[in-house]
Amino acid sequence: MKRILIADDEPHMTRVLKLYLERAGYTVETAPNGQVALDSIIKSAPDVVVTDIQMPVMTGQQMCLQLEELLPERTFPVFVMTSMTDREHREWTQKIKNLEFLEKPLSMRALTSKLDSYFRSEEITESENHA
Amino acid sequence: MITASLAAIAIISGLLYKHQVTLHEDKIRIQGVALTRALSATDYTQLLPETNKSSLISNLVEVQANEDFAYGIIVNSAGQKLYENTSAGSIAPAVTMPSEPFAWFGEHNVISPGDGRKIREFYAPIMNAGALAGFVRIGYYDKPTGILIGEISNLGLMALPVFLLTTLSYFLIRREIKPLGKLSEKIEQASLSYGVQPLAPLHGGDLENFIQRFDQFIQLVQSRVNQMDKDSVSAQTNSHLLSYKQEKAESALNSIPDAVLVIDDACVPTFANLKVEPILSVSRDEIIGHQPQEWCKNKEVLAFLMRFKSGPSAMRLANIEYMPEENSDRRISVSAFPLFSPRDQNTLFGMLIIFRDISKEYLARQAGAEFVAHVSHELKTPLNTLYTYSELLLGYASLAESERVDAVNVIHGEVERMAGLVNNLLNISKIETGTMQLNRKRVKMNDLLQDAFGTMNNQAMGKGIELALKLSPDLGSVRLDKDMFRIAIDNLLSNAIKYSNAGGTVTLSARPLDDDQMQISVRDEGIGIASEDKEKVFLKYFRADNSKTAARSGHGLGLYLAKQIIEMHHGVITVNSELGKGTEFIVTFKAQPVQLEESLAA
């Protein structure tokens, strides 16, 4: 089962995302801020990280930049939840590899289809590699 | 001049001559009178010698012989000459002798018939046996002969120094008068330069001319001095007035909170008010009269000022903002306004530069921008939740009944949260724009606090927090705006609940104080407030900068709004807190006696 780490300071959001994604067949872990998420990633890397940007203690941006330093060989993607109004603050994302955007307000359907397509393409590359 | 010299000589000569004549007259008179008397006293027989032998008279006359002697004769009473002794060329005229005895002695003038010279004749009677026998007449030339010749050398000797003296004094005077003449001309020029009419040229002696001119000049100077005195008094008055006006203008310019700088067309400051010093951190002396490169430390400002050197085409950009120090919150705005000549509106003579400290405005602007960002985040967060939960309910996944109820509860809570935020924003906006009117009514304090407790109790229980109510049994009635007061109390309670830890207690208590004062307290056992933040908790948008606060959603408006409302009710709100132990907000306000209010209303 694919493991997904969700970092969001809004407990309602992590709760509903966990509920939804578990129904869709994923294992879900939650973190209330970037620091907790980073600790969890270092302990055991998930298959996908979904993170909010504005969080107390450590923001999503700080967490991503830390990840680049701590895990330069990282292969799993980070999905960043942003709204249209945050677009001008996206320069930092240029430095992060394997980063994708999820538009807010977040649609569950959009998230699951994005995750599904990601894992499908990953399976293809893996099978190609095996072949 | 030579005339004067000659005249002086003539006068002196005349005086000398007159003196000589007088001397001569005296001399001949003494001689004549003495001789005639002597002869008169002589015996007649002795007087006239019988023969032409020498006689007394001839001897006497010979003794007299000098150039003045004209003649000596003896006549009988009929006038016939009995004896005559004359000098060369002199003839004694025939004269009728007086017959009366009182006139026998005397003198008179006669004319010599020979050479026509005036002769002074002295006469005296000659007695013979007691009867008049005749007269003795002795004549002298009236004018001294050769007197001029005799004195001419003296005269010449006298005339020479006189002439020399006169000439010398003439040249001396000329030497003195020449500069006087020049002075006179200068005075005239001076009088011309004073702008008064030129002095009429004068005829006459240089000195007289000069004296007249000098008099005129002195009068002129006097009148000018008087005029100048008057002018100076009025000028002094004017200058006092002017300096007073200037001082007034300058003090006005100094009182302006902005720094005012006037630069000329070469970019050199010609005026700077006092405020320039704190804003530019340069003394006025260093600025005035110096190129901006010499005193302007900020490159942006320097570039801004130097633009105006290149002429009016560069006048378009007339405003910049800059940070006076690195990484500071201070912001200075610099504006430039063209200064036109008061006479010619097309002539530019410099620029008026205004430096305004807009740090407060900048902070407010920043705070406003931050507030907008913050509020929009606060509004978007529940919106995101609502979006996701409503999608969930729409059935993208089959949900258990409990999950469905849970989702609806979340939606309800988020809507409440948004509504609370929007209400707070609207109330703050009303208070800040001054459109909030308190609708004071008689309210029973116990009921009001009981209601607030009841409402907030649900919220507290949802978070595992116990809400306690401790009210004095009869707090009485108070006139206040019930809705607004509830907003204040609710904000205090929800704030206490928000920053409480699960299992903690929030206590709402109220008791009357002396002097009609009432005290309401909201106490929690939550995270507390750091002492350095105590003063700031009531500030708009303030949220303590720490992880425990950040972990709780809030917009920094609740306490600000509570304080505004309580102050509108003439109350005071204070805070006691210890980090990690808890916080107590205390509201103290005057409970206006209802009886008095009612009697006033009636």
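The questions and answers below concern a predicted model, its chain B sheet, cores and contact with chain A. In this predicted model, local features need pLDDT of at least 70 and side-chain atom pairs count only at pLDDT 80 or more, while totals for chains, interfaces and linings use all residues. Residues are numbered from 1 along each chain as its sequence is written, and chains are lettered from A and ligands numbered from 1 in the order in which they are written.

User: Which strands stand at the edges of the open sheet of chain B?
Analyst: Strands here are DSSP runs (E, at least two residues), numbered from the N terminus, and two of them pair if DSSP finds at least two bridges between them. The open sheet has 5 strands with mixed pairing, in the order β12-β14-β15-β17-β16 of chain B. One side of each edge strand is left without a neighbour in the sheet because each has a single partner strand, and these are β12 (466-471) and β16 (572-578) of chain B.

User: How many bridges join β16(B) to β17 of chain B?
Analyst: The strand β17 of chain B spans residues 582-590 and runs antiparallel to β16(B). S577(B) stands opposite T583(B) in β17(B). The number of bridges joining β16(B) to β17 of chain B is 7.

User: Which element gives the most residues to the largest nonpolar core?
Analyst: A nonpolar core is a set of buried Ala, Val, Leu, Ile, Met, Phe, Trp, Tyr and Cys residues joined through C-beta atoms within 7 Å, where buried means that 20 or more other C-beta atoms lie within 10 Å of a residue's own, C-beta atoms being placed from the backbone. The largest such core has 40 residues, and those with the most contacts inside it include A488(B), A562(B) and I565(B). Elements giving two or more residues to this core include β13 (477-481), α13 (482-498) and α15 (558-568) of chain B. With 9 residues, the element that gives the most is α13(B).

User: Which helix of chain B supplies the largest share of the side that touches chain A?
Analyst: Counting two residues as in contact if their C-beta atoms, placed from the backbone, lie within 7 Å, 19 residues of chain B are in contact with 17 residues of chain A. Helices (H or I, at least four residues) are DSSP runs, and α10 (359-396), α11 (401-433) and α14 (547-550) of chain B each supply at least two residues of that side. The largest share, 12 residues, comes from α10(B).

Methods:
Buried ≥ 20, exposed ≤ 12 C-beta atoms within 10 Å, placed from the backbone.
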